Amino acid sequence: MSWGRRNLPLLFVLLASALLGWRTALYISRYSVNLLYLDQWHFYSPLFRGEGLTKAFLMQVGPIRHGLGAFVNKFVAELTGWDTRAEALVIGALVFAAMLAALYLKARVVGPVAFADVAIPLLFMSPVLLGLYVIVPNPSHGALPLLLSVLYCLAWTLPGRAAYAAVVGVNFLLVFTGFGFFMGVITPAALALEVYRSAREGGRWLAALAALAASLLSLALFFVDYTLIPATDCFRFPDEQPLRYFWYVGLMFAGYLRLGGHGLVPSAVGVGLTLVLAGVLARHAWLLVRGRAASQRASLIISILIGYSLLFCLNTAVGRVCRGVDTAQAGRYMPYLIPALLGLYFHLLLLGQSRPLLRFAPHLYAALFLVTSLPLGAGGIGVLEYYRQNKSAWRKCYLERESVEECNRATKFEIYTPGEEAQLREKLSYLKRNKLNLYAGG
C-alpha cells in the first residue's frame with residue numbers, strides 16, 4: 001500500500017482542520033476590534049501598573065486566577081502594541097493547538113487517525129466559540145484551560161514516573177488558570193486511585209503518593225490570599241428549585257449543539273445528553289475502581305475529560321442560575337464543554353472496537369458535529385456584527401472627542417463597568433501617552 005493511501009485518513013482530517021482553522025481566523029479578522037472592552041480593562045491591570053509576571057499570574061479575576069493568561073497577555077501586548085485583535089487571533093490559535101493535541105491524544109489512547117476523527121476538528125473549531133474570540137477576549141477563560149486540559153490528558157499517557165511529573169506540572173498551571181481550577185479537584189482523586197492500584201499490583205506506589213501530595217499542595221496554594229467572590233450579586237445556595245441546576249447544565253450542552261433557547265427541544269436534547277455523559281462517566285469510573293477496564297488509561301482519560309466538564313457546568317449552574325436559565329448558553333462557557341464531548345467520542349470509539357454493531361457510531365457522531373459546524377446564521381452573525389459596529393463606533397468617537405461620557409451617549413454603548421469612569425480615564429490617558437491599543441491604529 002502506498003504512503004498516500006495508507007495515510008489518507010490523516011491527510012483528510014488535517015485538511016479539514018486547516019480549512020476550519022482558516023474559517024475561524026477569517027471570522028476573527030472580520031469581527032474583532034482593537035479596543036479593550038469590559039473585563040479586559042481589569043485583565044490588563046498588571047500591564048498598566050507595570051507589575052511583574054508573578055503578581056499577574058496570581059491575580060484574582062472574580063472567583064478565578066489569571067494564571068498562564070498573564071504570560072499570553074504580556075507577550076502579545078508587548079509584541080503588538082496592546083492590539084486586542086492580535087490577542088483574539090492568538091486565542092484562536094490556542095484553541096487550534098488544543099485541537100491538534102486532541103488528535104494526538106486520540107491516536108495515543110484509541111488508535112491511528114481515521115476518517116471519523118474529523119469529529120475532533122469539527123468539535124474544536126465550531127462557530128459557537130466565536131464569541132470567545134471577538135467579544136471579551138481572555139486567554140485564561142476558555143482557550144488556555146482547554147489546551148491545558150488536553151495536554152494534561154496527554155501527560156497521563158507518558159510512561160512511568162514521567163507521567164506523574166508531567167501531570168503534577170500541568171495540573172499546577174490548570175489550577176491557577178481560569179476555570180482550569182476544577183482539574184485541581186480531579187487530580188488528587190486520579191492520583192489516589194493510582195496509589196491504590198500501584199500498591200495492589202506491587203508497583204512503585206511511592207511515586208504516585210508523592211504526586212498526590214504535590215497535587216494537594218497546588219490546590220492549597222491556590223487559596224493563599226484568596227477571597228471568595230461570587231460571580232453574581234444574586235447568588236444564593238441552594239436555589240429554591242434545585243432541579244433548575246440540572247436543567248441549566250442541559251441547556252449548556254444544547255447551546256453547544258446550536259439548539260438555542262430553553263424550549264422543549266433544547267431542554268430534552270440537553271438533559272438527555274447530560275444523562276448520557278453522566279452514565280459514561282459512572283461506567284468508566286467504576287471500571288477503574290474495580291480494575292476491570294480493558295484499557296486503564298483510556299478509561300482514566302475519558303473519566304477525566306467528562307468529569308472536568310461536568311464539574312465546570314455544575315459550578316456554573318450553581319453560580320448563575322439565579323440570573324435565569326437564558327444565561328446558560330453564553331459563548332464563554334462553550335470551550336469547557338468540549339472535553340466532555342471529546343470524552344464521549346473516545347467512548348464511542350472503544351464501543352465500536354468491541355461491538356461490531358456500534359462501529360458506525362463514531363461516524364454518526366462526526367456527522368452530528370458537521371451539522372453544528374455549519375456557518376453561523378443571521379442571528380449569530382447579528383451578535384458579532386453588533387459588537388463590531390458598536391466597538392468601532394465608540395473607538396472612532398473617542399479618538400475624535402476624547403470624552404467617555406459623550407461617546408457613551410453618542411453610541412449608546414459602554415466599554416467599561418459602570419462606576420469605574422475615573423479608572424477608565426486614567427487608563428485611556430496611559431494608552432494615549434504610550435500610543436497603545438486604540439491609539440496604535442488597527
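This briefing covers two helix pairs, the cysteines and two loop residues.

The model is predicted, so local features need pLDDT of at least 70 and side-chain atom pairs count only at pLDDT 80 or more, while totals for chains, interfaces and linings use all residues. Residues are numbered from 1 along each chain as its sequence is written, and side-chain values use heavy atoms, leaving out hydrogens and water. A search of the whole structure finds 1 disulfide (a pair of cysteine sulfur atoms within 2.5 Å). Helices here are DSSP runs of H or I with at least four residues, numbered from the N terminus.

**Helix pair α2 and α7**

- Helix α2 (residues 8-31) packs with helix α7 (residues 84-109) at an angle of about 160 degrees, and their axes are 10 Å apart.
- Axes are lines fitted to C-alpha atoms over the stretch in contact, and angles run from 0 to 180 degrees between N-to-C directions.
- α2 and α7 are therefore roughly antiparallel (an angle over 145 degrees).
- The crossing of α2 and α7 is right-handed (the near helix is turned clockwise from the far one by less than a right angle).
- From α2, Val 13, Ser 17, Gly 21, Ala 25, Ile 28 and Ser 29 make the contact (heavy atoms within 4.5 Å).
- Their partners in α7 are Arg 85, Ala 88, Leu 89, Gly 92, Phe 96, Met 99 and Leu 103.
- By class, the contact of α2 with α7 has 8 nonpolar, 4 polar and 1 charged residues.
- Ala, Val, Leu, Ile, Met, Phe, Trp, Tyr, Cys and Pro count as nonpolar, Asp, Glu, Lys and Arg as charged, and the others, Gly among them, as polar.

**Helix pair α11 and α12**

- The axes of helix α11 (residues 160-176) and helix α12 (residues 183-201) come within 9 Å and cross at roughly 160 degrees.
- That angle makes α11 roughly antiparallel to α12.
- α11 and α12 cross in a left-handed sense (the near helix turned anticlockwise from the far one by less than a right angle).
- α11 contributes Tyr 164, Val 167, Asn 171, Leu 174 and Val 175.
- α12 contributes Met 183, Gly 184, Thr 187, Leu 191, Glu 194, Arg 197 and Ser 198.
- The residues of this contact divide into 6 nonpolar, 4 polar and 2 charged.

**Cysteines**

- The disulfide joins Cys 397 and Cys 407, with sulfur atoms 2.3 Å apart.
- The torsion about its S-S bond is about -90 degrees, so the disulfide is left-handed.
- Cys 397 lies in helix α19 (residues 378-401) and Cys 407 in helix α20 (residues 404-411), so the pair ties together parts 10 residues apart in sequence.
- Both Cys 397 and Cys 407 are buried (under 20% relative accessible area, with a 1.4 Å probe and protein chains only).
- Cys 153 is in no disulfide; the nearest cysteine sulfur, that of Cys 313, is 16 Å away.
- Cys 313 has its closest cysteine sulfur in Cys 153, at 16 Å, too far for a bond.
- Cys 153 counts as buried at 0% relative accessibility, and Cys 313 counts as buried at 0% as well.

**Positive phi in loops**

- Most residues other than glycine have a negative phi.
- Leu 38 has a positive phi, near 50 degrees.
- Leu 38 sits in the loop between α2 and α3 (40-43).
- Leu 38 is partly exposed (between the 20% limit for buried and the 50% limit for exposed), with a relative accessible area of 29%.
- Arg 258 has a positive phi too, near 65 degrees.
- Arg 258 lies in the loop between α14 (243-256) and α15 (264-290).
- Arg 258 is partly exposed, at 29% relative accessible area.

Note on methods. Helix = DSSP H or I, 4+ residues; strand = E, 2+ residues; numbered from the N terminus. Parallel < 35°, antiparallel > 145°, perpendicular 65-115°, else oblique.
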